Amino acid sequence: MTTDPWGRVDENGTVYVRTAAGERTVGSWQAGAPEEALAYFRRKYDALVTEVDLLEQRIKTTDLAAAQAEHTIARLREAVTEAHAVGDLDGLGRRLDGLSELVGERREQIKVARDQARVHAREIKERIVAEAERIAVEETHWKNGGERLRQLVEEWKAAERVDRPTETALWKRLSSARNAFTKRRKAYFSNLEVEREHARAEKERLVLDAEAMVDSTDWGPTAAAYRELMRQWKMAGRASRDAEEELWARFKGAQDTFFAARSAVFAERDAEFREHAEAKEKLLTEAERLLPVRDVRSARQALRSIQERWEGIGMVPRDSRERLEGRLRKIEEAVRTAEESEWRRTNPEARARAEATVAQLRSSIEQLEKRLEKARNAGRDKDVKDAEEALTARRAWLAEAEHTLSELS
């Protein structure tokens, strides 16, 4: 009998393999030496080892599907259990058990990863739906909103699938949001057409009003009327692009024609006004020679002549008006001040009143001086103080009255 650590060949040529469950027959050998028989059946075992090695490598180094791996393990386990081979079949079985555990762990990892992917996918799709619903309710930039909804659908398709009920419910919300946005956009543009038609009719009326005034020479009121038409134009809203461009060209053309005519007239008038300003500059030079006023009567006569010529010259440019009239007012004020001073100086009644005031104050001072002398002699300090204060006040009044009287002399 020939033996091996894992099997033997008896004297009848029967080949056995040793397992934990005991020996079992794997074949017979009659063609040669027993060593050849063991070598033959060991090669069959080596073939099984090679298959297990290959499967182990695929499981550990590739993404072999768990179901396929388990199917292969089951096939190899059956092959090992029924193998007509000599070798450590129990060891191969344990290796296959280890591979089954590894596949189980891999399956669990895949399940966890799949669950996480579904959670992540659900978060993505809920975000997509929430944004779509916001666009459906809030977005008024229709082109951007429509484009963003198309992008959201593509993002939906690219995301992982979730469980069927959740997927169906979220997709229904997304579809409803898209439909709501489309309906709202259609309603907006439908209403917009009505508004544009109303704006076109209103602006057609404004154009006709503008064209009716184009030849007016009533510059101020017509300019104000054009400004009012422009205000109404801005309030009228927008018509369709073609109608807006055509109506605006007519409206602006009417305005431009009127204001160009007004500008031409104003330019001619301004040239005339500049000549008036130069003439008034010369009059001011003549008038300023009257200052300072020495002869009130001749100055008044000369100023009156200058004022008459001033009025006869006419209007000057607006930017020169205040400056020129300001210079003339200063001259007029100087002459008027000189007249008032002359009148006060030569007025008999004023002089008489001034003389009476001076005489009255002098008399009052004499009486106070006598009172002061008596109070001092009598030692009445309070009366002395009252008299001195009264004298001080009246002497001040007398100085002012004498000054006024001197101006009237």
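A salt bridge here is a side-chain nitrogen of Lys or Arg within 4 Å of a carboxyl oxygen of Asp or Glu. The structure above is a predicted model, where local features need pLDDT of at least 70 and side-chain atom pairs count only at pLDDT 80 or more, while totals for chains, interfaces and linings use all residues. Residues are numbered from 1 along each chain as its sequence is written, and side-chain values use heavy atoms, with hydrogens and water left out.

**Exercise 1. Salt bridges between helices**

Find which residue forms a salt bridge with E131, and say where the two partners lie.

*Solution.*
- Step 1: Start at E131 and look for its partner, which is R148; their closest N and O atoms are 2.7 Å apart.
- Step 2: Place both residues. E131 sits in helix α3 and R148 in helix α4 (residues 142–158), so this pair ties together parts that are 17 residues apart in sequence. Helices here are DSSP runs of H or I with at least four residues, strands are runs of E with at least two, and both are numbered from the N terminus.
- Step 3: Now try K203, which forms a salt bridge with E244, the closest N and O atoms being 2.6 Å apart. This pair links distant parts of the chain, with K203 in helix α5 (residues 164–212) and E244 in helix α7 (residues 241–288), 41 residues apart.
- Step 4: Check how covered they are. K203 and E244 are both buried, and buried means under 20% relative accessible area, exposed over 50%, and partly exposed in between (1.4 Å probe, protein chains only).
- Step 5: Take in the wider tally: the rule gives 39 salt bridges.

**Exercise 2. The two sides of α2**

Work out which residues of α2 are buried and which exposed residues its opposite face carries.

*Solution.*
- Step 1: Get the helix in view. α2 (residues 66–81) has 16 residues and reaches 22 Å from its first C-alpha to its last, close to the 22 Å expected at 1.5 Å a residue; the expected span is 1.5 Å times one less than the number of residues.
- Step 2: Pick out the buried residues: A66, A69, T72, I73, L76 and V80. They cover an arc of only 125° around the axis, which puts them on the same side of α2. That arc is taken from the directions from the helix axis to the C-beta atoms.
- Step 3: Turn to the face pointing away from that side, where you'll meet the exposed residues A67, H71 and T81.
- Step 4: See what the buried residues of α2 pack against: β4 (22–28), α1 (34–61) and α3 (89–138). Contact means heavy atoms within 4.5 Å.

**Exercise 3. Strands next door to each other**

Trace how β3 pairs with β2 and with β4.

*Solution.*
- Step 1: Know the rule: two strands pair if DSSP finds at least two bridges between them.
- Step 2: Begin with β2 (residues 7–9), which pairs with β3 in the antiparallel sense over three bridges. V9 stands opposite V15 in β3.
- Step 3: Look at the turn. Four residues lie between the strands of the β2 and β3 hairpin, and G13 there takes a positive phi near 90°.
- Step 4: Move on to β3 and β4, an antiparallel pair with six bridges. Two residues lie between them in their hairpin, and R18 stands opposite E23 in β4.
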